[in-house]
Structure formats: C-alpha cells, structure tokens
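Reader: Hello! I work at the bench and would love a close look at one part of this protein, the place where its first two helices meet. Could you walk me through that part and then set it in its surroundings?

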Amino acid sequence: MKTNDVILQTTTKVVFFIIFLFSIHIFFAGHYTPGGGFVGGLLTTGAIVLLLLAFDLKTIQQILPFNFTIVTGIGLLLALGTAAGSIFFNVPFFTHAFDDFTLPLFGETSLHTAMLFDSGVYLVVVGSAITIIQSIGGDD
C-alpha cells in the first residue's frame, strides 16, 4: 500500500527553502550577532532532516548527491587551515584578518577570515550530522 503524502511533501519543499535561506542569513549575521557556522549548520541539517521525513533516504540521496563524509573533511581542512594560516604571518594561532572593501551590489562591507573558519564549521556540522543520520536511517 502506497501512502499519499502530497500535502507533507509539497509543504516540505517550501519550508525547506525557507529554513535553508534563514540558515544562510544566520551564517552571515553570525560575525556581529549570535549565529555563525555552527547554528547555520544546525539549521541546514534540520532542513535536510525535514526532507528525509517527507521523502525516503534514496530520494534525498538522489537530490543531494554529496558524500557527506567528504563534506566533513573539507570543512575540517578549511577550519584548521584558516586557523593555522596565521602562523605563516608570524602572529598567534587563530588570529584573523579583516579589511573594509567596496563590493558591487553590496557596497561598503567588511570581509574577515573568520568567515572562512565559520564556513569550515558549517560544513563540519552539516557533514557529520547528515552522515550520522544517513548511517542510522540507512539500516534496513
């Protein structure tokens, strides 16, 4: 017997993008306000889990064909590389650099290497959480 989850699946498709866009907002706002890579990664993971509840694991693996263990590894390299990069400039570990730039469409903005570190944290959180969920949910 096939279940009819049309309402759940349709609503999930809309809510997924709302949660995902909010997670991106939280990620970028995290340098000046609460948020950042960890909270943004948790929100993204929650959005993917919502997809997993509405659809099955195989469908989600087709929609998101990422090996999330590799995503975790890339995140670790990015976070540790950003933190260790300060050693090359003879400053203490985890020292971040920043400057103000004028970017098209954004105008005057401040760019920080801390955002690269937060990107690594974001990828580690999403990659490790989805790997755990897939390994638990993949058991038949």
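Author: Happy to. Let's begin with the span as a whole: across residues 7–130 the chain is 66% helix and 10% strand, and the C-alpha atoms at the two ends lie 25 Å apart. Please keep in mind that this is a predicted model. The UniProt record, an unreviewed entry, gives that same stretch, residues 7–130, as "domain: Na+/H+ antiporter MnhB subunit-related protein". The record also lists residues 12–32, 38–55, 67–91 and 111–133 under "transmembrane region", again in an unreviewed entry.

Now to the part you asked about. Helix H1 covers residues 6–29, and helix H2 covers residues 37–54. Their axes are 8 Å apart and meet at an angle of about 170°. Because roughly antiparallel means an angle over 145 degrees, H1 counts as roughly antiparallel to H2. From H1, the contact draws on Leu8, Gln9, Thr12, Val15, Phe16, Ile19, Phe20, Phe22, Ser23, Ile26 and Phe27. From H2 come Gly37, Val39, Gly40, Leu43, Thr44, Ala47, Ile48, Leu50, Leu51, Leu53 and Ala54. Sorted by class, this contact has 16 nonpolar residues, 6 polar ones and no charged ones.

Two residues let us see the contact from either side. On H1 there is Thr12, which is buried because its relative accessible area is 2%, and buried means under 20%. Leaving out residues up to four places away in sequence, Thr12 touches Leu50, Leu51 and Ala54. On H2 there is Leu50, which counts as partly exposed because its relative accessibility is 22%. Beyond its neighbours within four places in sequence, Leu50 is in contact with Thr12, Val15, Phe16 and Ile19. Elsewhere in the chain, Leu111 is 61 residues from Leu50 in sequence, and their C-alpha atoms are 33 Å apart in space.

Stepping back to the whole of H1, its 24 residues reach 35 Å from first C-alpha to last, close to the 34 Å expected at 1.5 Å a residue. Its buried residues are Thr12, Phe16, Ser23, Ile26, Phe27 and Ala29, and what covers them includes H2 and H5. The listed transmembrane stretch 12–32 is 86% helix and 0% strand, with its end C-alpha atoms 31 Å apart.

That brings us to H5, residues 114–137, which also has 24 residues and reaches 34 Å, close to the 34 Å expected. Buried residues of H5 include Asp118, Ser119, Tyr122 and Gln134. The buried residues of this helix pack against H1, H2, helix H3 (57–63), helix H4 (68–84) and strand E2 (107–112), so H5 brings us back to the pair we started from.

One last stop lies after H4. Residues 67–91 are 68% helix and 0% strand, and the C-alpha atoms at their ends are 35 Å apart. In the loop between H4 and strand E1 (98–103) sits Asn90, and Phe94 is in that loop as well. Most residues other than glycine have a negative phi. Asn90, however, has a positive phi of about 55°, and Phe94 has a positive phi of about 75°. Asn90 is exposed, at 72% relative accessibility, whereas Phe94 is partly exposed, with a relative accessible area of 39%.

Technical notes. Residues numbered from 1 in each chain as written. Predicted model: local features only at pLDDT ≥ 70, side-chain atom pairs only at ≥ 80, totals over all residues. Heavy atoms only, no water. UniProt positions renumbered as here; feature names shortened; annotations may be inferred. Helix = DSSP H or I, 4+ residues; strand = E, 2+ residues; numbered from the N terminus. Buried < 20%, exposed > 50% of the residue type's maximum accessible area, 1.4 Å probe, protein only. Contact = heavy atoms within 4.5 Å. Axes fitted to C-alpha atoms, helices over the stretch in contact; angles between N-to-C directions. Parallel < 35°, antiparallel > 145°, perpendicular 65-115°, else oblique. Nonpolar A, V, L, I, M, F, W, Y, C, P; charged D, E, K, R; others polar. Expected span 1.5 Å × (residues − 1).
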